[in-house]
Amino acid sequence: MSWENGGDLVPLRALANPLRIRIVSLLTGASMSATEVAEELGIAHASASYHLRQLAEAGFLEQVDEQPPRGGRGRPRRRYRYDPSSGARLDRAEGRQLLHEALSVDLSRRLAQARATRMSMDAEIWLDRSVWEEVAGLIDQAVALVHDKAGPPRSGDRIKVSMTALLLELDDAR
């Protein structure tokens, strides 16, 4: 179900592919065409174009502009950018396991590329609900800051970074 074609929710299963996760991450900082995405990720243009269309149809990307073709011939190049409002419209019930599997695959790729680790943390603990809510709020702020300040690849004094945040409220299984 596309949010444009039938409802308010963005289907989570549309992200259940490590390549699509990379594309959404890349388009958080800049609008790009299929050609630019293909070059940046080292994939075929047809593959980039297909995944961009699927992500746009699912509501994760928005078409922001069309550039005239080089030399004035041919069709204009479509450019896409991540739609940050899609996160608020996620269908959290559908496709969650597939998304987590895709995130795990992509996290493995990112860990293999890591030059340095700024922070790593893992805990399975008990917290007062008020502390948990405070932590969640701080992570929300950090995620918003990263998305707001993301820019195009390889421009200025930018460095390529990865941020993964996953906060889980667990069942009280004894």
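A residue counts as buried under 20% relative accessible area, as exposed over 50%, and as partly exposed in between. The model analysed here is predicted. On this scale Glu 36, at 23% relative accessibility, is partly exposed. Its salt-bridge partner is Arg 79, with an N to O distance of 2.7 Å. Glu 36 belongs to helix H3 (residues 34–41), whereas Arg 79 belongs to strand S4 (residues 77–82), so the pair ties together parts 43 residues apart in sequence. Arg 79 has a relative accessibility of 9%. That value is under 20%, so Arg 79 counts as buried. The bridge therefore joins a partly exposed glutamate to a buried arginine.

Helix H3 also carries Glu 40, which forms a salt bridge with Arg 154. The closest N and O atoms of this pair are 2.3 Å apart. Arg 154 lies in the segment after helix H6 (129–149), and the two residues are 114 positions apart, so distant parts of the chain are linked. Glu 40 is partly exposed, with a relative accessible area of 23%. Arg 154, at 68%, is exposed.A third bridge stays within one helix. Arg 129 pairs with Glu 133, and their closest N and O atoms lie 3.7 Å apart. Both residues are in helix H6, and being 4 residues apart, Arg 129 and Glu 133 are separated by about one helical turn. Arg 129 is exposed at 51% relative accessibility. Glu 133 is partly exposed, with a relative accessible area of 44%. Elsewhere, Asp 106, Arg 109 and Arg 110 are joined into one network by salt bridges that share partners. In total, the count comes to 6 salt bridges. Side chains of opposite charge can pair when their charged atoms come close.

Thr 28 was examined next. Thr 28 sits in the loop between helix H2 (18–26) and strand S2 (32–33). Despite this loop position, Thr 28 has a relative accessible area of 10%. This value falls under 20%, so Thr 28 is buried. A polar atom of the Thr 28 side chain lies 2.9 Å from the backbone oxygen of Val 24. With residues up to four places away in sequence left out, Thr 28 touches Arg 81, Tyr 82, His 147 and Ala 150.

Key
Residues are numbered from 1 along each chain as its sequence is written. This is a predicted model: local features need pLDDT of at least 70, side-chain atom pairs count only at pLDDT 80 or more; totals for chains, interfaces and linings use all residues. Side-chain values use heavy atoms; hydrogens and water are left out. Buried means under 20% relative accessible area, exposed over 50%, partly exposed in between (1.4 Å probe, protein chains only). A polar contact is a pair of N or O atoms within 3.5 Å; within protein, one must be able to donate a hydrogen and the other to accept it, and residues adjacent in sequence count only if both atoms are side-chain atoms. Contact means heavy atoms within 4.5 Å. A salt bridge is a side-chain nitrogen of Lys or Arg within 4 Å of a carboxyl oxygen of Asp or Glu.
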